[in-house]
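User: I should like a close look at a single part of this chain, namely one helix and the residues that follow it. Please set that part in the context of the whole structure.

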Amino acid sequence: MVPYVRKSFAKHFLDGMKYLLNDGVLYDKDELTNTSIDSPLYKEQPVAYKYAMDMTEREVHQAVEGMYHNLNTLQSRSGNQLPFSSINYGTCALPEGRMITKALLEVSIEGLGKLHKTSIFPCGIFQMMKGVNREPGDPNYDLYRLALKSTAMRLYPNYANCDWSNAAGYDPNDPRTYFSTMGCRTANLTDINADPGVNPQMKDGRGNICPVTIILPTIAMEAKDSFVNEYWDDIPQLFLAMLDKKISEAKEMLLERFEYICSQPAESAKFMYENNLMLGYDGKTTRSALKHGTLAIGQLGLAECLQILIGKDHTTPEGMELAKKIEQLFKDRCAEFKKEYKLNFGVYYTPAESLCYTAMNKFKAKYGEIPNVSDREYFTNSMHVPVWREISPFEKIDIESQLTGYSSAGCITYVELEGGVKNNIDALETIVNYAMDHDVPYFAVNVPNDTCLSCGFTGEFNDSCPMCGSHNIQQLRRVTGYLTGNYKTAFNLGKQAETEDRVKHTGVMED
Ligand SMILES: [Zn+2]
């Protein structure tokens, strides 16, 4: 966006010279539009400079407000949903980029309209990078602080870790190669089909082509039921063999779907192909672009799977040991498939918005209610620590960060905090830094966000407003990676139950 800010700034500067100073100094307009707004060329005219700065800041702010408004009112996805949109930002240290990032955060903090409602889209993603925004003295540290303030109030932004070990190899001079996510969690890592001259960590123009999710608890039950001593040492060993077969089947499904998707002509998504939004498109086949995307092998319910296999989940050392074996198998197979088929297979920690519930229903119908496995309405999200576990945010990060390194197609780690965190930004910073330092690729914080639609009061109060008594309440929760208008109407019973079971990861403030 930097060139566009420069263009606006040059225009306002020339207006300032003309109308405020009536100055005859001639400037080359083309030269100005290519000049940093920090240039002495501008600063030697302090009156016009200040005018241009004020006008440009206002314009950028209004542009961001307009974008937020549009993204929260257009019903353009499947005809009845807001456009799922994510914006990664935070690393540009140029004055123009900083101005945009600041506006994005300020508008997020202000909220929408008269009632200052929390916006649902865009999903803001603050890209953390050492030497850029991590510490006091870094050029964008002030923006990180502003981001934390926004997170505490509005849940966004989330935090992407550009220093994540799996994101190595990016080009420090090309932000398009920095680790970024499609807000919910999807991420693209090294591209095996990178064209000559293109960095394999290029993110622009790539995406998740299709996912297949493996329901781990079902395979665990099948392993338990078919276990016979003389063939296998133990049930986990049999489980791993069965999982291996299932991963292979998932690969076959993905290959079939990939071929089908590639058989569609570019006209099926004309706008994307005509406007160069798809990396590598050769103007002939959609495959030329789609081969840069990710084929994701996902998983659901690691915690319940471990309970079935060994009676404990990965919050215990034994559970973690087996969890790592399971994730290593996913990782090894995806790496092999990637080489063999020359397509970007990756390990995906699936959000499973619907599947968490439908899979549980089918599981219960077959196996009944098993304590700690199927005595709830949903399976636990991917490899997450079960939401009902009472642990601190640091313990949650300690556990999940041991598994995030296996993922190559996207994952998210989040912690639940009290609404009061908005009065303790330092504590929030400690938690986000802790996640980054533990090599968590993508981190988010959940704080309760209920807004009274009569008076605009925001806090955690469920169904009646403590200020005016109104029952017209919007209850925002992050159910998966995104926010949802009202989780009680937007999500199935499984995700609603999960959201209500979530315990706050407290014990934070003492640290
Ligand atoms: Zn109210």
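The request and the reply below concern one helix, the turn of the chain after it, and the surroundings.

User: How many residues of helix α6 are buried, and what is the phi of leucine 155, which follows α6? Please also describe the peptide bond from tyrosine 156 to proline 157, and then compare with other parts of the chain.

Analyst: The model is predicted, and the description below should be read accordingly.

Helix α6 comprises residues 141-154. Its 14 residues, at 1.5 Å a residue, should span 20 Å, and the end C-alpha atoms are 20 Å apart, so the expected and computed lengths agree. Of these 14 residues, 10 are buried, and α6 is therefore largely enclosed by the rest of the structure. The buried set includes the leucines Leu143, Leu146 and Leu148, together with Ala147 and Ala152. Tyr141 and Tyr144 also belong to it, as do Ser150, Thr151 and Arg154.

The chain after α6 has two features of backbone geometry. Leucine 155, which follows the helix, has a positive phi, near 70 degrees. The peptide bond from tyrosine 156 to proline 157 is cis, with omega near 5 degrees. Proline 157 is placed in the loop between α6 and β3, the latter being residues 158-161. Both features deserve mention because most residues other than glycine have a negative phi, and most peptide bonds are trans.

Another cis peptide bond joins phenylalanine 121 and proline 122, with omega about 0 degrees. Proline 122 is in the loop between α5 (95-110) and β2 (123-128).

Helix α12 offers a parallel for the end of α6. This helix runs over residues 317-341, and its 25 residues should span 36 Å at 1.5 Å a residue; the end C-alpha atoms are 36 Å apart, which agrees. Lysine 342 follows α12, and its phi is positive, near 50 degrees. The buried residues of α12 include Met320, Leu322, Ile326, Leu329, Phe330 and Phe337. Glu327 and Lys338, which carry ionisable side chains by the charge count used here, are buried in α12 as well.

Positive phi values also occur in the loop between α13 and α14. Asparagine 372 has phi near 65 degrees, a positive value in a residue other than glycine, and is placed in the loop between α13 (355-367) and α14 (393-404). Serine 382 lies in the loop between α13 and α14, with phi near 35 degrees, again positive in a residue other than glycine. The two residues can be set side by side in their exposure: asparagine 372 is partly exposed, with a relative accessible area of 36%, whereas serine 382 is buried, with a relative accessible area of 0%.

Three further residues help to place these parts in the chain. Asparagine 80, in the loop between α4 (46-71) and β1 (86-89), is exposed, with a relative accessible area of 52%. Its C-alpha atom is separated by 49 Å from that of leucine 20, although the two are 60 residues apart along the chain. Glycine 456 is found in the loop between β9 (449-452) and β10 (458-459). Its relative accessible area is 17%, and since buried means under 20%, glycine 456 counts as buried. Leaving aside neighbours within four places in sequence, glycine 456 is in contact with Leu115 and Thr451. The C-alpha atoms of glycine 456 and isoleucine 391, 65 residues apart along the chain, are separated by 33 Å. Glutamine 496 lies in helix α17 (residues 493-501) and is buried, with a relative accessible area of 15%. Between glutamine 496 and arginine 206, 290 residues apart along the chain, the C-alpha separation is 32 Å.

As for the whole, the chain has 17 helices and 12 strands. Its radius of gyration is 25 Å, and a compact globule of 511 residues would have one near 24 Å, which agrees. The C-alpha atoms fill a box of roughly 95 × 60 × 45 Å along the principal axes. Buried residues make up 52% of the 511 residues. Among contacts between residues at least 6 apart in sequence, 69% join residues at least 24 apart. The chain exposes about 22500 Å², of which carbon and sulfur atoms supply 52%. The mean positions of its 52 positive and 66 negative charges are 4 Å apart.

Conventions: Residues are numbered from 1 along each chain as its sequence is written. This is a predicted model: local features need pLDDT of at least 70, side-chain atom pairs count only at pLDDT 80 or more; totals for chains, interfaces and linings use all residues. Side-chain values use heavy atoms; hydrogens and water are left out. Helices (H or I, at least four residues) and strands (E, at least two) are DSSP runs, numbered from the N terminus. The radius of gyration is taken over C-alpha atoms; the globule rule is 2.2 Å times the number of residues to the power 0.38. Buried means under 20% relative accessible area, exposed over 50%, partly exposed in between (1.4 Å probe, protein chains only). Contact means heavy atoms within 4.5 Å. Accessible areas come from the Shrake-Rupley method with a 1.4 Å probe; for residues, only the protein chains shown count as cover. The place of a charge is taken as NZ of Lys, CZ of Arg, CG of Asp or CD of Glu. The expected span of a helix is 1.5 Å times one less than its number of residues.
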